[in-house]
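Please look over the structure shown below, and then read the account of its helix and strands that follows it.

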Amino acid sequence: MPPDPRLDLLQGTLDLLILRTLQVNSLHGWAISERIQQISGDVLQVNQGSLYPALHRLEHKGLIRAEWGVSELGRRARFYKLTATGKKQLEVESDNWARFAHAMGRVLESA
Amino acid sequence: MIGDLFLRVRALFLRRRIEADLDDEIQFHIEMQTRKNLQTGMDTAEARRRADFEFGRAAAVREECRDERRINLAETLLQDIRYALRGFRRAPLFALTVVATIGLGLGVNTAVFTIFNAYILRRFAVSDAYSLYQLNWLNRAGRGHGFTWRQYQELRTNARHFPIFTPRVRCRYA
């Protein structure tokens, strides 16, 4: 059996991914998970069960704001949008992640 | 910070509404996933079943979202209380002043209201306060006078028109 090419998300990375997908425009929950899956080339799978709690958590932290809007298909849907604090947080965490990934790579290749 | 406070207050008062919103949101997600599954050629029942399955147990998700809100509420409340207590310890004189100010304000308020209540709000302790009359007499110069005790007793025995007759005693110290 070939190994599953899909990866589970590392602890704490879901929040960063959500913030990143909302950088350009506001999206509803389903679109967020689709976008993450799409951009990562189907490698990153968002566990639906943890997506919505994460959205609530981010909303309470003031990083995103939810608004009811109308979806592409004309149905009522909840859209999430980055707040100013969220934008700042995204910059900081993206930077942290890049440094972390770079450092991990160096350590792993050094052997 | 203010946003979080707003959400906390909202969660406190609009619990049912928030739960309904969350249900709707989950429902929407499952609908979208079903649609996507249909496009890959599944039949309706299968598409729906898969969408449900992929979402995981909706009830558990709902509970987790609730936890996020509640944990946030309890945690921040505890933090706020601790912060306030630390502040008191750091500036005890200030804390004492605040307590004294609030205490004094409260005390004065209560006292004034008690007087106001007794004199203005509460009715006289008689069966029909509107049939109360005060009797006095005026001399030629227009000065008002009360009655002596004997006059009062005489009036009382003769006053058949008044159901109850009580003296309004005014003490004067000579």
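A residue is called buried if 20 or more other C-beta atoms lie within 10 Å of its own, exposed if 12 or fewer do, and partly exposed in between, with the C-beta atoms placed from the backbone. Helices (H or I, at least four residues) and strands (E, at least two) are DSSP runs, numbered from the N terminus. This is a predicted model, in which local features need pLDDT of at least 70 and side-chain atom pairs count only at pLDDT 80 or more, while totals for chains, interfaces and linings use all residues. Residues are numbered from 1 along each chain as its sequence is written, and chains are lettered from A.

Helix α3(A) is mostly covered, with eleven of its 13 residues buried, among them A:Leu51, A:Tyr52 and A:His60. The helix covers residues 48-60 of chain A and, at 1.5 Å a residue, should span 18 Å (1.5 Å times one less than the number of residues), which agrees with the 19 Å between its end C-alpha atoms. After α3(A) comes A:Gly62, whose phi is positive, near 80°.

Strand β3(A), residues 76-82, is also mostly covered, since five of its seven residues are buried. Two strands pair if DSSP finds at least two bridges between them, and the pairings of β3(A) are set out here.

| Strand joined to β3(A) | Bridges | Direction | Opposite A:Phe79 |
|---|---|---|---|
| β1(A), residues 27-28 | two bridges | antiparallel | A:His28 |
| β2(A), residues 64-70 | seven bridges | antiparallel | A:Glu67 |

In the hairpin of β2(A) and β3(A), five residues lie between the strands, and A:Gly74 takes a positive phi near 80°.
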